[in-house]
Each structure stands twice: as structure tokens, then as C-alpha cells.
Amino acid sequence: MCGAIFLEGIDVAMLNVALPSIRADLGLSTGMLSGVVSAYVLGYGGFMLLGGRAADLLGRRRMFLFWLVVFLLFSGLGGFADEGWVLLVARFVTGVAAAFMTPAGLSLITTNFPEGPQRNRALLIYAGTAAGGFALGLVVGGLLTAIGWRWVFFAPVLLALVILLAAIPLIKDQPTRPAAGGFDIAGAISITGAMILLVYGVVRLEHPADGPLLTVASFAGGLALLAIFVAVERRAASPLVRLGILRSGPLVRANVMAALLTASFFGFQFLVTLYLQELRGWSTIQTGLALLAAAADVVLAPTLTPWLVNRFGNAKVVLGGLLSGLLAYSLFLGVGLDWTYAAMLPSMLLIGLMFAFVYGPLTIVATDGIAEHEQGLAGGLINSSFQFGAALGLSMVTAVNVAALGAATDAEAGLAAMRTALVVPVTATLLAAVVAVAGLRTRVREEVLSAT
């Protein structure tokens with residue numbers, strides 16, 4: 001399971017580092033370039049809830065293995081792309097595969113480890129491995145891009161094959177509860193359509209002046225389908241998503257913070273990659289190494305974080321991590337064209353702390369107290385939030401950056417536009433911290449009431 005989440009992380013990270021090289025080779029516009037990233041998020045976010053419930057109903061092991069094969073095949077397709085649309089298709093289907101594979105993998109962990117310290121440690125190791133894949137992907141992506149950007153698509157094929165060969169004999173599935181009323185087709189169609197339209201609307205925010213009516217129509221259509229989905233689920237004998245699961249305050253807060261966490265980081269990472277490679281002229285390898293410091297969580301998540309969680313609880317650890325991220329992004333607001341790496345290093349290290357203290361504990365909160373037969377659904381919800389946040393953050397920083405840059409092309413204007421766009425990750429992290437504080441206050445109030 002850790003190997004699979006590592007694969008997902010390294011796949012996304014390698015592509016991000018290779019984006020400028022892909023644009024130069026295929027002649028892609030900035031919009032198409034961000035579209036290559038967004039296509040993956042569109043497939044991932046659009047099908048994640050369906051993927052999570054499919055794991056519960058159709059078998060977690062079966063879903064994991066089948067979609068791992070699809071992930072392998074379409075990652076390879078991207079390596080043969082000669083036009084932007086082929087990359088878009090490859091990344092979209094790879095995202096769909098990840099949408100089914102990831103919640104299946106997460107629920108295999110939560111159903112094979114009992115709730116409590118043992119599961120918490122497993123989930124923190126899992127989260128640390130995910131971050132490790134992303135961090136190593138930045139470096140490996142730089143090395144492979146120096147050879148040829150197509151290798152950032154071929155390398156995951158080899159890794160996926162190794163994981164698949166190991167998974168077939170090693171993964172054991174827990175029995176799943178049969179669907180009492182059959183599979184909820186109407187719910188599946190409406191929620192998948194809603195998620196795709198909403199994510200597409202978010203992606204279109206990158207260029208607000210380009211067909212605003214279509215953007216509005218995307219959001220309106222997504223919200224309409226979401227309303228239909230809620231109506232269907234209230235009447236379904238075997239609902240795809242039991243709406244009562246959303247009455248859990250900790251689960252809802254965890255999902256909101258998850259979206260804001262990835263919105264801040266993916267937006268920041270996109271801006272920093274363009275800053276280092278296009279404004280500073282750094283190579284892909286130098287860029288990957290510069291961002292490697294943010295991988296501190298690969299060590300901290302399975303070591304320090306479990307101790308902190310046991311000592312202070314998930315809520316306080318999450319808040320501490322978010323404050324670290326808020327400081328990291330705020331420090332980077334003063335970035336200049338002559339900054340040394342030493343000036344950037346504190347932000348990178350603080351981002352590593354943020355992920356170590358937030359990603360894993362949020363996953364724990366989002367799956368604690370959830371019945372075993374709904375673990376796939378809970379995993380789908382939290383991963384949907386992570387991916388929706390990534391799409392939102394990327395779109396917002398792109399929209400702000402493009403608007404602030406205007407028609408200017410010089411480096412100083414580019415730097416000023418980037419500083420303006422950095423307000424997005426700062427704001428997202430601040431909002432997440434506010435949600436964390438609200439959760440802490442609610443928890444304290446509940447403890448006082450129970451004591452009296």
C-alpha cells in the first residue's frame with residue numbers, strides 16, 4: 001500500500017518538474033501546460049467518491065489491482081505523446097485510475113489494522129511514504145528530464161509493474177458487506193458528473209476572461225447535479241454515499257483542512273518551479289534539489305509525529321503544522337531575483353514540518369470512528385478533498401499570476417506577479433488554521449460538557 005501511494009506521489013512530482021521541458025519540446029501554451037496537470041486532478045477528483053464506494057462494495061483488493069494496471073498502461077501512453085491532447089487524455093485516465101486505486105489502498109490499511117495507536121502509526125507511515133514519493137519525485141524528475149522528459153512517464157510504468165507483481169500474492173482483503181439494494185447507479189452518475197463539472201469550473205478559473213459563461217455554466221451544472229445526488233441518496237435503498245456520515249464534525253473539518261492544505265502547497269510549488277526555472281534559469285535537477293528540503297516529513301511523519309499525536313492529540317498537532325506552513329509562505333513573500341538558496345531554505349523546511357504534522361493526522365481524523373464497511377467511502381472523501389484542493393490552488397495562483405502579469409514579459413514584472421499570487425497559499429493556510437482553532441474550541445467545549 002505504501003508502494004502504491006509512493007508511486008502516485010512520485011508520478012505527480014516528476015511531471016511537475018518536467019513541465020517547462022514538455023512545454024519547450026511540444027510548444028504548449030501556459031494554459032495547456034496547467035491543463036496537463038489539471039487533467040489528472042479532474043479525473044482524480046471527479047471519480048474519487050465513486051472509487052471509494054466501489055472499493056467497499058466490489059472488493060478493495062480487486063479494485064486496487066485492476067486500476068493499478070490501468071494506471072500503468074496510461075502512464076506509459078503519456079511517454080509517447082507528440083501533442084498536448086494525448087498528454088491530456090493520458091493524465092485524465094491516469095487520474096481516474098488513481099481515484100479508484102488510492103481509496104482502495106487506504107481502506108485496506110484501515111480495515112487490516114485495528115483503530116487506535118497501531119492504525120495511527122500505520123497511517124502516519126503511509127502518509128510519510130506519500131510525501132517521500134513526492135519529494136524524491138522532484139529530484140528523480142529532474143534527473144530523468146535531463147535525459148528526456150518522456151522518462152517521467154516511463155519510470156512509473158516500471159515501478160507500477162514491480163508493485164503489481166508484489167501486490168498479487170501479498171495483499172489480503174477483508175470481507176466486504178454486500179450491497180443490500182444493488183449498486184446505486186443514479187447516485188454514481190450524478191456525483192461523478194457533479195465532481196467533474198465542479199473541478200472543471202475550478203480549472204477554468206485560471207483564465208477568468210476566457211469564456212466566463214462556460215465557467216459559470218460548469219459551476220451551475222455541477223451544483224445542480226450535486227442537488228440531484230443528494231435527493232437520490234435520501235431515497236436510495238443502498239446509497240452510494242450515506243449522507244449521515246457528513247454529520248461528523250471532525251470528518252467535515254478534516255476534509256476542509258485537507259482541501260486548503262493541498263491548495264496552498266500545489267499553488268506554491270507551481271509558482272516556485274516557474275520562478276526557479278524561468279526567472280532564475282535553474283535546471284530541472286537544481287529545482288528538484290531545491291525543493292527536496294520540503295521532504296523532511298518523510299523522516300518526521302513516522303517518527304516524531306506519532307509521539308506528538310499520542311502526547312497532544314491530532315488537533316493540536318495539525319494546528320502546529322498549519323502555523324508552520326503559514327510562516328513558510330509568509331517568509332517567501334519577500335522573494336527576490338537575487339535570493340540565495342539559504343534564503344529559501346527556511347520556507348522549505350517549514351513546509352516539511354507542515355506536511356509531517358498535518359497530512360497524516362488529518363487522514364487519521366477522517367477515518368476514525370467510521371464503520372468498516374464505509375472505510376472506502378471515508379478514504380474517498382479525504383482524498384477527494386486533497387485533490388479538489390490541489391486543483392483549486394493551482395487554478396487560483398495561475399489566475400492571479402496571469403492577471404497580475406498582464407502583457408509584461410520582463411523578469412521584474414514576472415517576480416511582482418508571482419509575489420501577488422503567493423497571497424493565495426498564505427490565505428488558504430490561514431483559513432485552514434482558523435478551521436483547526438474552531439475544531440479545538442469545539443472539542444474543549446464538548447469535554448467540559450461531558451465532565452459536567
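A residue is called buried when its relative accessible area is under 20%, exposed when it is over 50%, and partly exposed in between. Keep that in mind for the views below, all taken from a predicted model.

**Figure 1. The whole protein is a bundle of helices without strands.** Count them up and you get 16 helices and zero strands. Buried residues make up 58% of the 452 residues here. The C-alpha trace stretches about 60 × 50 × 45 Å along its principal axes. A compact globule with 452 residues would have a radius of gyration near 22 Å, and this protein comes in at 21 Å, so the two agree. Of the contacts with a separation of 6 or more, 84% are between residues 24 or more positions apart.

**Figure 2. The outside of the protein, in terms of atoms and charges.** About 17,500 Å² is exposed, and carbon and sulfur atoms supply 70% of that area. As for charge, there are 24 positive and 22 negative side chains. Take the centre of each of those two sets, and you'll find them 10 Å apart.

**Figure 3. Trp67 and Phe100 make a stacked pair of rings.** A pair of aromatic rings is described by the distance of the centres and the angle of the planes. The protein has 17 aromatic pairs. In the one shown here, the rings of Trp67 and Phe100 have centres 4.4 Å apart and planes at 15°; planes under 30 degrees apart count as stacked, so this pair is stacked. Trp67 sits in helix α3 (residues 60-79) and Phe100 in helix α4 (residues 84-112), so the pair links parts of the chain 33 residues apart. Are the two partners buried or exposed? Trp67 is buried, with a relative accessible area of 16%, and Phe100 is buried too, at 8%. Zoom out a little and both rings turn up in one aromatic cluster, together with Phe47, Phe66 and Phe92.

**Figure 4. Tyr275 and Phe332 meet edge-to-face.** Here the ring centres are 6.4 Å apart and the planes are at 85°; an angle over 60 degrees counts as edge-to-face, so that's the label this pair gets. Which helices do the two rings come from? Tyr275 belongs to helix α9 (residues 249-279) and Phe332 to helix α12 (residues 314-332), so the pair ties together parts 57 residues apart in sequence. Both partners are buried: Tyr275 has a relative accessible area of 1%, and Phe332 has 0%.

**Figure 5. Met344 touches both rings of the edge-to-face pair.** This methionine lies in helix α13 (residues 341-367). With 0% relative accessibility, Met344 counts as buried. What does Met344 touch, leaving out residues up to four places away in sequence? The list is Tyr275, Leu276, Arg280, Trp282, Phe332 and Trp339. For a sense of scale, look across to Ser34: it is 310 residues away along the chain, and the two C-alpha atoms are separated by 24 Å.

**Figure 6. Met348 is another buried methionine in helix α13.** Met348 has a relative accessibility of 1%, under the 20% cut-off, so it counts as buried. Its place is in helix α13. Setting aside neighbours within four places in sequence, Met348 is in contact with Val272, Ala290, Leu291, Ala293, Ala294, Phe332 and Tyr341. So where have you met Phe332 before? It's the ring that pairs with Tyr275. Ala295 is 53 residues from Met348 along the chain, yet their C-alpha atoms are separated by 8.4 Å.

**Figure 7. Val140 is partly exposed.** Look for Val140 in helix α5 (residues 117-147). Its relative accessible area is 28%, which falls between the 20% and 50% cut-offs, so partly exposed is the right term. Val140 and Leu289 are 149 residues apart in sequence, while in space they are 9.3 Å apart, C-alpha to C-alpha.

**Figure 8. Ser238 sits in a loop and is buried.** You'll find Ser238 in the loop between α8 (212-235) and α9. Is this loop residue buried or exposed? With 11% relative accessibility, Ser238 counts as buried. Gly187 lies 51 residues from Ser238 along the chain, and their C-alpha atoms are separated by 9.9 Å.

Terms used. Residues are numbered from 1 along each chain as its sequence is written. This is a predicted model: local features need pLDDT of at least 70, side-chain atom pairs count only at pLDDT 80 or more; totals for chains, interfaces and linings use all residues. Side-chain values use heavy atoms; hydrogens and water are left out. Helices (H or I, at least four residues) and strands (E, at least two) are DSSP runs, numbered from the N terminus. The radius of gyration is taken over C-alpha atoms; the globule rule is 2.2 Å times the number of residues to the power 0.38. Buried means under 20% relative accessible area, exposed over 50%, partly exposed in between (1.4 Å probe, protein chains only). Contact means heavy atoms within 4.5 Å. Accessible areas come from the Shrake-Rupley method with a 1.4 Å probe; for residues, only the protein chains shown count as cover. Lys and Arg count as positive and Asp and Glu as negative; His and the chain ends are not counted. The place of a charge is taken as NZ of Lys, CZ of Arg, CG of Asp or CD of Glu. Rings of Phe, Tyr and Trp (its six-membered ring) pair if their centres lie within 6.5 Å; planes under 30 degrees apart count as stacked, over 60 as edge-to-face and the rest as tilted.
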